[in-house]
Amino acid sequence: MNIAVLMPGITSLEYHVVKGEGVNPVCSGAVRPYRGDERSALSQIFGAAGAALNAHGFFSPDLLALRCPFGGELFAGPVMAGKSALGRLRKISGMAPVHIPPLVALLEALGAHWPYLPCAIVFESSFFKGLPAREKTYALGGDVSGDG
């Protein structure tokens, strides 16, 4: 399975393409700037990904993985992109306004231009979801209830 990994940032959209079971990307790069012109950025990335995979005897990614720094309480782990995930992301967009609205725009561009490419959204914050309260609040003061 060929996987294209997209890592949207504030000013750039980084990508890595991994072929088969490999861990080293066959191509990597970034598009700067990308916000506001997501379709063009994605076309550049898929062009580079296709060329790199073609050199290895393949033609396109089989799966897209999209990194998101924040998933709030709604996302305990990775989810497949779709209407439900987009709706839930919109609900938490105010909690991470720098990250979530551009991610939604990117997902909408993907859905419009490459509707049959499966896309998994992976949330960095899901790592912390199952931690016990002590570990979640380790660096905070003794009273984390907000009352004191």
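Helices are DSSP runs of at least four residues and strands are runs of at least two, both numbered from the N terminus. On this basis, the predicted model contains four helices and six strands. The order of these elements, read from the N terminus, is β-β-β-α-β-β-α-α-β-α.

The mean pLDDT of the protein is 82, with 87% of residues at 70 or more. Among the elements, strand 5, which spans residues 79–80, has the highest mean value, 94. The lowest, 74, belongs to helix 4, formed by residues 133–136. Where pLDDT is low, the predicted coordinates should not be read in detail.

Strand 4, comprising residues 63–68, pairs with strand 1 and with strand 6. Strand 1 (residues 3–8) runs parallel to strand 4, and four bridges join the two. Within this pairing, A4 has L64 of strand 4 as its bridge partner. The pairing of strand 4 with strand 6 (residues 119–123) is likewise parallel and extends over five bridges. Here A65 is matched with A120 of strand 6. Strand 4 is largely enclosed by the rest of the structure, because five of its six residues are buried, that is, under 20% relative accessible area.

Over the whole protein, 36% of the 148 residues count as buried. The exposed surface amounts to about 8500 Å², of which carbon and sulfur atoms supply 59%. Of the contacts with a separation of 6 or more, 58% link residues 24 or more positions apart.

Conventions. Residues are numbered from 1 along each chain as its sequence is written. This is a predicted model: local features need pLDDT of at least 70, side-chain atom pairs count only at pLDDT 80 or more; totals for chains, interfaces and linings use all residues. Side-chain values use heavy atoms; hydrogens and water are left out. pLDDT is the predictor's confidence in each residue, from 0 to 100. Buried means under 20% relative accessible area, exposed over 50%, partly exposed in between (1.4 Å probe, protein chains only). Contact means heavy atoms within 4.5 Å. Accessible areas come from the Shrake-Rupley method with a 1.4 Å probe; for residues, only the protein chains shown count as cover. Two strands pair if DSSP finds at least two bridges between them.
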